[in-house]
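Biologist: Please pick one part of this model and take me through it closely. I'd like the surroundings sketched just enough to place it.

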Amino acid sequence: MNEKQKDKGLMKAVKEQPQFRLTSNFTFRTMQKVEEAILLREKKQERKMLLATIAASLFLIISSSIGLYIYFEKHLKATMYHAFSHVLKIQIPLIYLLFIITIPLFIIFDRWMRKQYFKHHS
């Protein structure tokens, strides 16, 4: 009989305790936090990809320009001199030729990267 009273007392104590209830928008807030975490992870990954692309592009541009300069220095100067000596009487420095070539390449590369970015994020 003592056990029955203990059981009744325990049951009464359990009933008197306030029940824990979740808020009505708990699921929405949880999913919102999960989506925010996913977006943050994607942004970090995109930032890493952008930095890797920039580093690879700079490395390729620098190494190719150094290679072209080392292997074709005399030929480029002679060709530029012969090509422009009749039209212009001034000698064009080689650095301007590199700018004339690389700026359109950068513009094309920029358009391609923007197209890839907006294709991925639309």
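**A close look at helix 3**

Modeller: The protein chain exposes about 12100 Å², with carbon and sulfur atoms supplying 67% of that (Shrake-Rupley areas with a 1.4 Å probe, where for residues only the protein chains shown count as cover). Keep in mind that this is a predicted model: local features need pLDDT of at least 70 and side-chain atom pairs count only at pLDDT 80 or more, while totals for chains, interfaces and linings use all residues. Residues are numbered from 1 along each chain as its sequence is written, and side-chain values use heavy atoms, with hydrogens and water left out.

The protein chain has 3 helices and 0 strands, running α-α-α from the N terminus (DSSP runs numbered from the N terminus: helices are H or I with at least four residues, strands E with at least two). Of its 122 residues, 4% count as buried; buried means under 20% relative accessible area, exposed over 50%, and partly exposed in between, with a 1.4 Å probe and protein chains only.

My pick is helix 3, residues 94-121. Start with its rings. A pair of aromatic rings is described by the distance of the centres and the angle of the planes. Rings of Phe, Tyr and Trp (its six-membered ring) pair when their centres lie within 6.5 Å; planes under 30 degrees apart are stacked, over 60 edge-to-face, and the rest tilted. That rule yields 2 aromatic pairs. One is Phe-109 with Trp-112, tilted at 35 degrees with the centres 6.1 Å apart. Those two sit 3 residues apart in helix 3, so about one helical turn separates them. Phe-109 is partly exposed at 33% relative accessibility, and Trp-112 is partly exposed too, at 46%. Then there's Tyr-117 with Phe-118: the planes are at 75 degrees and the centres 5.4 Å apart, so this pair is edge-to-face. Tyr-117 is partly exposed, at 43%.

Helix 3 also carries a salt bridge (a side-chain nitrogen of Lys or Arg within 4 Å of a carboxyl oxygen of Asp or Glu). Asp-110 and Arg-114 make it, at 3.0 Å from N to O. They are 4 residues apart in helix 3, so again about one helical turn lies between them. Asp-110 is partly exposed at 36%. The structure holds 2 salt bridges; Lys-77 and Glu-73 form one at 3.6 Å between the closest N and O atoms, and they are 4 residues apart in helix 2.

Now the pocket. The largest one has a volume of about 760 Å³. On a 1 Å grid over the protein atoms alone, a pocket is an open set of points where a 1.4 Å probe fits, with protein on both sides within 12 Å along at least five of seven lines; lining residues have an atom within 4 Å of a point. Points are joined across faces, edges and corners, and the volume is the space filled by probe spheres set on them. The lining has 23 residues, with Met-49, Leu-50, Thr-53, Met-113 and Tyr-117 nearest the centre. Helix 2 and helix 3 each supply at least two lining residues, but helix 3 gives the most, 12 residues. So Tyr-117 turns up twice on this tour, in the edge-to-face pair and among the residues nearest the pocket centre.
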